[in-house]
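Here is a friendly walk through one structure, in questions and answers. Take a look at it first, and then we can begin.

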Amino acid sequence: MFSLSSMPSTSSVLSTYTTFAASAMLVRTILNEVQTITNQFIPQKLQDILSSKLEGLFGKFSDQLTLIIEQSEGFSVNEIYQAAELYLSTRITPSIQQLRVSQAPGEKSLSVTINKGQKVVDTFEGMQLTWELVTSEKQKTSLDYDSGLYASETAEHKSFHLSFSKIFKDKVLNKYLPYVAERSKAIKETKKVIKLYSLCAADAINLDHPSTFDTLAMDPVLKQALIDDLDRFVKRREFYSRVGKAWKRGYLLYGPPGTGKSSLIAAMANYLKFDIYDMELASLRSNSDLRRLLVSTGNRSILVIEDIDCSIELENRQCGGGYDENNSQVTLSGLLNFVDGLWSSCGDERIIVFTTNYKERLDPALLRPGRMDMHIHMSYLTPGGFKILAFNYLKIKSHSMFDEIEELIKEVEVTPAEVAEEFMKSEDADVALNGLVDFLLRKKEQTMKCEEPKVDEGTQGNEEENESLKSEEDCTGQKRNNVNKKKKKKKKLKSF
Ligand SMILES: Nc1ncnc2c1ncn2[C@@H]1O[C@H](COP(=O)(O)OP(=O)(O)OP(=O)(O)O)[C@@H](O)[C@H]1O
Ligand SMILES: [Mg+2]
């Protein structure tokens, strides 16, 4: 027999450590019987010796080879065992009579695995392979620290026995098992629940944000370029290590409020199945807090710093080139060190996203080429974006009012969030579109008033003066709201 394990850090390396001998299905049945009897009367050590001698004896006549894949190796989990368990859940055939079913907290789907003694027959490139889940009870002795006495308990030990013709040994080790590992990784990805970590919440919450690249209204060319960029990024592990670059990518999302920057981050996380870390810089006391936070973040994650222009005092950069431990705030230099230095040297497959409403207010150091890999402009709604929203909200691809609306959208600066809000008011397409036209016309009128030159005092009557003042308030009101909104944001945690 052949025993197989893979430590978490060296999953691709198959370590073999026990004797290599042949085994037949018949032998297995005999051995199982012998084991049942010996379990009751013979000490464990003797059982092991007996069992290996018998296997060696019968194995010589067999053309079958069995790999033993133990659940754990000492204190470490065996990644091949875990991969096999997941893989076999997709290979359940009608011949199987017993299944184990469970559901972890927060998981969307049930997990189904075979029960002990059950066999799954699999085929792969002309080979036939039989998996069997075997369990044995082992005595474990542990020290009870309270009483100072040793206690003995029986623990169930699980392993998979994978049997196939001896001639396929190399093919199974070099092709089939890597295939099982690959498949299990893909299954894990589809089952993965994306987490949102934030400073204010002790535990991560499940990110249940419905935003995807399909539902996002943005320039189609830019959208595709971003998807391609993400695809390239996740495929390039070898490339990054070959050129000696950290496996990281940075994106700066900029544009007015309500154009979909946060929605885009959620879409990226849903697409890549990466967790999100919402880094509220305003709630961090110092650069060392930032460093601590960084170390606690996991791989395959997106670190988000929203409203970078509001979160950090840009003048702080003058405080010096390195970390300023005494400063009570996170400084820009601390952040830049974080982006280029510390962050780059720990962890893999990470993305960092900065968002801002005012790119022009950012320190040039943040915009320098190479710091953020891609600058993405989230703009006001375009006619193409409008069609995506109309389909998302009203399930329509065309309508007699589309031309009129598209013309208005070209003339008026309207955000996807504003249009989405109008669409929420009715499920009836005619009503919703009419409402949107009214909204766009009002907005157009207001914009025109704002653009009118100011009227000299004294040359106009009272009524007109009041009207002029009112429209000025409308024009500035929007901006004021945005600033207030951002100020509030600094206090309360943003929810995606
Ligand atoms: N491009 C878009 N595509 C689809 N829906 C959008 C888009 N932009 C905004 N929305 C809708 O408007 C809501 C608010 O958008 P979002 O929070 O993503 O904007 P934002 O750019 O992050 O704004 P802020 O600058 O205020 O943070 C979203 O939940 C979504 O319903
Ligand atoms: Mg946002």
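Q: Where is Asp214 found in this predicted model?
A: This is a predicted model, so every value here is computed from it. The stretch to look at follows β12 (205–206) and leads up to α5 (220–235). Asp214 is found in the loop between β12 and α5.

Q: Is Asp214 buried or exposed?
A: Count the other C-beta atoms within 10 Å of Asp214, and you get 11. A residue with 12 or fewer such atoms counts as exposed. Asp214 is therefore exposed.

Q: How far apart in space are Asp214 and Ala267, C-alpha to C-alpha?
A: Along the sequence, Asp214 and Ala267 are 53 residues apart. In space, their C-alpha atoms are separated by 8.7 Å.

Q: How many helices and strands does the protein have, and what percentage of its residues is buried?
A: Stepping back to the whole chain, the protein has 16 helices and 17 strands. Of its 496 residues, the buried ones make up 25%.

Q: What share of the contacts with a separation of 6 or more comes from residues 24 or more positions apart?
A: Take the contacts in the protein with a separation of 6 or more as the whole. Residues 24 or more positions apart then account for a share of 71%.

Q: How are helices α12 and α14 oriented to each other?
A: Two packed helices are described by the angle between their axes and the distance between the axes. The axes of α12 (residues 383–394) and α14 (residues 416–423) come within 10 Å and cross at roughly 30°. Angles under 35 degrees count as roughly parallel. The two helices, α12 and α14, are therefore roughly parallel to each other.

Q: Which residues of α14 meet α12, and how many nonpolar residues does the contact have?
A: From α12 come Gly385, Phe386, Leu389, Tyr393 and Leu394, and they meet Pro416, Val419, Ala420 and Phe423 in α14. By class, the contact of α12 with α14 has no charged residues and 1 polar residue, while the nonpolar ones number 8.

Q: How does α14 lie relative to α15?
A: The axes of α14 and α15 (residues 429–451) come within 9 Å and cross at roughly 135°. That angle makes α14 oblique to α15.

Q: Which residues of α15 make the contact with α14?
A: On the α14 side, the contact is made by Val419, Glu422 and Phe423. By class, the contact of α14 with α15 has 5 nonpolar, 1 polar and 1 charged residues. On the α15 side, the residues are Ala432, Gly435, Leu436 and Phe439.

Q: Which residues come nearest to ligand 1?
A: There are 16 residues around ligand 1, and by class this shell has 8 nonpolar, 7 polar and 1 charged residues. Both α7 (261–272) and α14 supply at least two residues each to the shell. Those that come nearest are Pro257, Gly260, Ser263, Pro416 and Ala417.

Q: Why does Leu290 count as buried, and which residues is it in contact with beyond its neighbours within four places in sequence?
A: Leu290 has its place in helix α8 (residues 287–295). It is buried because 21 other C-beta atoms lie within 10 Å, and 20 or more is the cut-off. Leaving aside neighbours within four places in sequence, Leu290 is in contact with Leu284, Val330, Gly334 and Phe338.

Q: Is Asp278 buried or exposed, and how far is it in space from Leu303, C-alpha to C-alpha?
A: Asp278 lies in strand β14 (residues 275–278). With 21 other C-beta atoms within 10 Å, Asp278 is buried. Asp278 and Leu303 are 25 residues apart in sequence, and their C-alpha to C-alpha distance in space is 6.2 Å.

Q: What is the phi of Glu125 near?
A: Most residues other than glycine have a negative phi. Glu125 lies in the loop between β8 (119–124) and β9 (127–144), and Glu125 is exposed, with 9 other C-beta atoms within 10 Å. Its phi is a positive value in a residue other than glycine, near 45°.

Q: What is the phi of Arg300?
A: Arg300 sits in the loop between α8 and β15 (301–305). Arg300 is partly exposed, with 16 other C-beta atoms within 10 Å. Although Arg300 is not a glycine, its phi is positive, at about 50°.

Definitions and conventions
Residues are numbered from 1 along each chain as its sequence is written. Chains are lettered from A and ligands numbered from 1 in the order in which they are written. This is a predicted model: local features need pLDDT of at least 70, side-chain atom pairs count only at pLDDT 80 or more; totals for chains, interfaces and linings use all residues. Axes are lines fitted to C-alpha atoms, for helices over the stretch in contact, and angles run from 0 to 180 degrees between N-to-C directions. Helices (H or I, at least four residues) and strands (E, at least two) are DSSP runs, numbered from the N terminus. Angles under 35 degrees count as roughly parallel, over 145 as roughly antiparallel, 65 to 115 as roughly perpendicular and the rest as oblique. Two residues are in contact if their C-beta atoms, placed from the backbone, lie within 7 Å. Ala, Val, Leu, Ile, Met, Phe, Trp, Tyr, Cys and Pro count as nonpolar, Asp, Glu, Lys and Arg as charged, and the others, Gly among them, as polar. A residue is near a molecule or strand if its C-beta atom, placed from the backbone, lies within 6 Å of it.
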